[in-house]
Amino acid sequence: MHPARPRHQAIARQRGAALIVMLVIMVMGIAAALVNSLSITALKTARQETTTTALAEAREALISYALSSENAGGATARPGNFPCPDTDVSSPTNPNYGIGESSCAAGAIGRLPWKTLGLPELLDEEGEPLWYALSGNFRKSMSIINSDTRGTLQVYNRDGSTLLTPSGSEAVAIVFAPGGIVGNQQRNTTADKTTASNYL
């Protein structure tokens, strides 16, 4: 008889079982990491879709406003007018919250006037209201908008220097989602919330 042989076999079986357990744990860990990664990606995609949808709704509402009967009458109304931004917003309790100003300067910038446009308040993926800038040529005024009336707003790439609107292709209006706080931006006080640089 060889009593050592069964003992060696038992040890080998234990090592094999331990190896299988370790492999199962490793596979479970990798699977968990993959599921977590996919969940984060799915969440990020869903949040980006929130912003994309809000921007698309704002764009359609602005175009509809410019073509609407709202611009058919009155001394300063004309087809092609866009509403002025909401520049004096401090909080949702303000009765003018979401309503565009009655007049504005060229290049005016503020919150998207969602009530004026007949929309619910549109928020980006960070829960921030959309902002909006308007070219001077398309505000309410006595001037006539012709087919060759051009916008005056220039849009730059993220790098801040690459111009996306070359001469002759300037934007009429810009709607943007501010996203989260960047750098030294402050969004706490009423003054902070109405200062465009805290959202650009």
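**Exercise 1.** In this predicted model, decide whether Glu128 counts as buried or exposed, then describe its salt bridge with Arg187.

*Solution.* Start with the accessibility of Glu128, which is 18%. Buried means under 20% relative accessible area, so Glu128 counts as buried. Next, take the partner: Arg187 has a relative accessible area of 8% and is buried. Now look at the contact, where the two side chains meet in a salt bridge at 3.2 Å, N to O. Finally, place the pair along the chain. Arg187 lies in the loop between β3 (173–176) and α2 (190–193), while Glu128 lies in the loop between β1 (109–111) and β2 (131–134). With 59 residues separating them, they link distant parts of the chain.

**Exercise 2.** How many salt bridges does the structure hold, and how accessible are Arg150 and Glu170?

*Solution.* The structure holds three salt bridges. One of them joins the side chains of Arg150 and Glu170, at 3.9 Å from N to O. Both residues sit in the loop between β2 and β3, 20 residues apart. Check each end in turn: Arg150 is partly exposed at 45%, whereas Glu170 is buried at 17%.

**Exercise 3.** Work out the surroundings of Tyr199, beginning with its aromatic cluster.

*Solution.* First, the rings: Tyr199 forms one aromatic cluster with Trp131 and Phe176. Then look for a charge. The charged end of Arg111 sits over the Tyr199 ring, 5.2 Å from the ring's centre. Nicely done: you now have a ring cluster and a charge over one of its rings!

Technical notes: Residues are numbered from 1 along each chain as its sequence is written. This is a predicted model: local features need pLDDT of at least 70, side-chain atom pairs count only at pLDDT 80 or more; totals for chains, interfaces and linings use all residues. Side-chain values use heavy atoms; hydrogens and water are left out. Rings of Phe, Tyr and Trp (its six-membered ring) pair if their centres lie within 6.5 Å; planes under 30 degrees apart count as stacked, over 60 as edge-to-face and the rest as tilted. A charge sits over a ring if NZ of Lys or CZ of Arg is within 6 Å of the ring centre and within 35 degrees of the ring normal. A salt bridge is a side-chain nitrogen of Lys or Arg within 4 Å of a carboxyl oxygen of Asp or Glu. Helices (H or I, at least four residues) and strands (E, at least two) are DSSP runs, numbered from the N terminus. Buried means under 20% relative accessible area, exposed over 50%, partly exposed in between (1.4 Å probe, protein chains only).
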